[in-house]
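I open this notebook to record what I looked up in the structure, entry by entry.

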Amino acid sequence: MAKASTAPPVEHGLQRQLGLRDLVLAQVLCVVGSSWVGVAAGLGRAQALTWIAAMLLFYFPMAAVVIGLNRIMPLEGGLYVWAHRAFGGLGGFLTAWNLWVYGIAVTAAILYAIPTELAYLIGPRAAWLPESHLASLAIVGCIVAAITAAAVRGLEWGKWIHNTGGAAMITVFVGLILLPAWAFWRHRLGHQGINHGMDLALALPPRNLRSMALFGQMLVGALSGLEYIAIFAGESRQPARNIARSVWIASPIICLMFILGTGSVVAFATPEHIDFIAPIPQTMRIALGDSGVGNLIAMTAILLVQLRLLGASSFLFTGATRLPMAVGWDGLLPEWFTRLHPRWRTPVNSILCIGGLVMLLIVLASVGVHAQEAFQVLSNASMTHYELMYMAMFAIPMVGAAALRKSLPAWLKWVSLAGFCASLFSLLTSVFPFVDVVNPIGYAAKIAGAVVVSNIAAVVFYKLRN
């Protein structure tokens with residue numbers, strides 16, 4: 001194990017396209033989701049204290065572990081490589097499997113949100129769009145085809161899609177954070193008052209299952225993603241140095257965006273009427289209205305959110321296509337997944353396969369349920385796999401191979417314990433719905449069943465393969 005963990009990276013002919021600027025914008029793009037300010041706003045004035053607790057318990061341990069592991073193993077495949085070196089073939093394969101399933105499911109969830117965002121962009125006359133399965137699937141299908149084609153072309157083009165999405169998200173959050181001040185100046189905040197949302201009071205959340213579920217989703221769901229960029233270590237310039245620097249630069253930006261952005265949502269929307277799919281467009285419409293200059297500003301902001309959704313889906317999709325390639329290099333998947341395009345050096349077979357799986361998952365998730373429930377099923381099903389993956393990542397400094405643990409600082413073991421417990425708590429609360437669903441028991445069964453069945457399938461496949 002000692003030799004394995006310090007071996008020089010093997011070059012597979014990948015093109016190193018990502019610099020520090022690309023990595024920083026990708027961190028913001030991947031971590032800051034537009035829906036999480038709505039989830040946190042469901043806690044009302046307790047959102048600031050809850051964000052701070054989530055950052056201390058999960059975000060900072062995640063950042064420390066990612067920096068530490070990437071420093072000694074800056075290799076294409078990221079967390080899969082770390083887990084493979086720490087736990088062997090089966091442990092690495094299951095970690096890659098859960099991260100891969102997450103990448104596919106969360107891409108589907110992000111794409112599923114686009115028709116709802118478009119409805120806010122167009123206005124009240126398009127309110128029917130999210131609940132029209134035919135129209136929604138047509139829109140999403142075209143986008144899946146486009147990001148599949150971009151992934152085949154490679155990061156030379158893809159990074160500009162990702163950079164545009166990251167820059168658009170930062171711009172939207174700046175506007176969102178300034179909304180209460182603008183509304184106060186224009187006397188449009190209404191009966192709630194400016195202090196209702198933006199005093200950032202450290203109030204305690206209600207003691208009930210819904211608050212626990214919201215906090216659990218904020219831990220891993222909202223604040224996760226720093227490790228995802230490590231999947232592209234073999235396509236990054238100076239990955240050991242630049243990936244760590246991207247974490248240091250992006251982290252304060254990300255934390256401020258979440259806390260101040262949620263404060264703006266709370267200022268305009270009551271917790272029981274928040275749209276969990278599209279809280280930012282909803283807030284923009286409430287604050288700016290549906291006519292005049294306010295309407296144009298709201299449409300511009302919502303359009304920028306669309307660019308972020310496209311960038312994030314492209315980034316997550318591209319990362320998911322790299323995992324089968326990296327696993328295939330170790331012989332744990334068929335060589336078919338490792339074949340690179342002769343010109344653009346991208347895993348074209350893996351890309352086409354995952355494009356089909358994303359579309360299939362969107363179709364299956366939307367059968368027989370409303371848009372908000374379908375979105376939450378996709379989101380939570382992806383989160384359960386992600387939470388298991390994070391538990392594996394935090395376990396590396398604690399119980400991974402001895403030679404690997406010796407190369408990490410001793411204090412990282414205790415930091416990892418906090419992250420492991422936070423991930424476990426998030427996993428246990430993920431089956432509780434915080435939106436109205438058709439059948440709560442069926443909802444929980446979908447979430448729990450998805451992670452159990454998929455991991456059993458992974459173990460069976462691994463055993464048959466080996």
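**Entry 1. Overall make-up.** I began with burial and found that 60% of the 466 residues of the chain count as buried. The model is a predicted one. I then looked up the secondary structure and noted 17 helices and zero strands in the chain. For contacts between residues at least 6 apart in sequence, I recorded that 84% join residues at least 24 apart.

**Entry 2. Nonpolar core.** Which residues have the most contacts inside the largest nonpolar core? I found Trp82, Tyr228, Phe258 and Met393 in that role, in a core of 129 residues. Helix 5, residues 79–122, gives the most to this core, with 19 residues. I followed Tyr228 further and listed its contacts, leaving aside residues up to four places away in sequence: Cys30, Leu99, Tyr102, Gly103, Phe315, Leu316, Gly319, Ala320 and Tyr386.

**Entry 3. Helix 12.** I checked the length of helix 12, which runs over residues 292–329. Its 38 residues should span 56 Å at 1.5 Å a residue, and the end C-alpha atoms lie 57 Å apart, so the two values agree. Is helix 12 largely enclosed or largely open? I counted it as largely enclosed by the rest of the structure, because 27 of its 38 residues are buried. Gly331 follows helix 12 and has a positive phi, near 80°.

**Entry 4. Loop between helix 12 and helix 13.** Two residues of this loop were looked up. Leu340 is found in the loop between helix 12 and helix 13. I classed Leu340 as buried because its relative accessible area is 18%, and buried means under 20%. I also noted that the C-alpha atoms of Leu340 and Val152 are separated by 9.5 Å, although these residues are 188 apart along the chain.

Arg345 is found in the loop between helix 12 and helix 13 (348–365) as well. Its relative accessibility is 28%, so I entered Arg345 as partly exposed. Arg345 has a positive phi of about 55° although it is not a glycine. For context, most residues other than glycine have a negative phi.

**Entry 5. Helix 6.** I turned next to helix 6, residues 133–153. Its 21 residues should span 30 Å at 1.5 Å a residue, and the end C-alpha atoms are 30 Å apart, so expectation and model agree. Among the buried residues of helix 6 I noted Val140, Ile143, Val144, Ile147, Val152 and Arg153. Val152 is also the partner of Leu340 in the C-alpha separation of 9.5 Å. Just after helix 6, Gly154 takes a positive phi of about 105°.

**Entry 6. Cavities.** How many cavities of 30 Å³ or more are there? I recorded five. The second largest has a volume of about 80 Å³. Its lining includes Arg153, Gly154, Leu155 and Glu156, together with Trp344, Arg345 and Thr346. Leu14, Gln15, Gln17, Glu235 and Arg322 also line this cavity. By class, I noted three nonpolar, four polar and five charged residues in the lining.

**Entry 7. Gln238.** A further positive phi was looked up, and I found Gln238 with a value of about 45° although it is not a glycine. Gln238 lies in the loop between helix 9 (209–223) and helix 10. I entered Gln238 as exposed, because its relative accessibility is 51% and exposed means over 50%.

**Entry 8. Gly261.** I located Gly261 in helix 10, residues 239–268. Gly261 counts as buried because its relative accessible area is 0%. Its contacts, not counting residues up to four places away in sequence, are Val37, Phe173, Leu176, Ile177 and Leu256. The C-alpha atoms of Gly261 and Gly38 are separated by 9.3 Å, with their positions 223 residues apart along the chain as the numbering offset.

**Entry 9. Ser426.** Is Ser426 buried or exposed? I found Ser426 buried, because its relative accessibility is 0%. Ser426 is found in helix 16, residues 411–429. Leaving out residues up to four places away in sequence, I listed its contacts as Gly216, Gln217, Leu219, Val220 and Glu387.

Technical notes: Residues are numbered from 1 along each chain as its sequence is written. This is a predicted model: local features need pLDDT of at least 70, side-chain atom pairs count only at pLDDT 80 or more; totals for chains, interfaces and linings use all residues. Side-chain values use heavy atoms; hydrogens and water are left out. Helices (H or I, at least four residues) and strands (E, at least two) are DSSP runs, numbered from the N terminus. Buried means under 20% relative accessible area, exposed over 50%, partly exposed in between (1.4 Å probe, protein chains only). Contact means heavy atoms within 4.5 Å. On a 1 Å grid over the protein atoms alone, a cavity is a set of points where a 1.4 Å probe fits but cannot get out, and a pocket is an open set with protein on both sides within 12 Å along at least five of seven lines; lining residues have an atom within 4 Å of a point. Grid points are joined across faces, edges and corners, and a volume is the space filled by probe spheres set on the points. Ala, Val, Leu, Ile, Met, Phe, Trp, Tyr, Cys and Pro count as nonpolar, Asp, Glu, Lys and Arg as charged, and the others, Gly among them, as polar. A nonpolar core is a set of buried Ala, Val, Leu, Ile, Met, Phe, Trp, Tyr and Cys residues joined through side-chain atoms within 4.5 Å. The expected span of a helix is 1.5 Å times one less than its number of residues.
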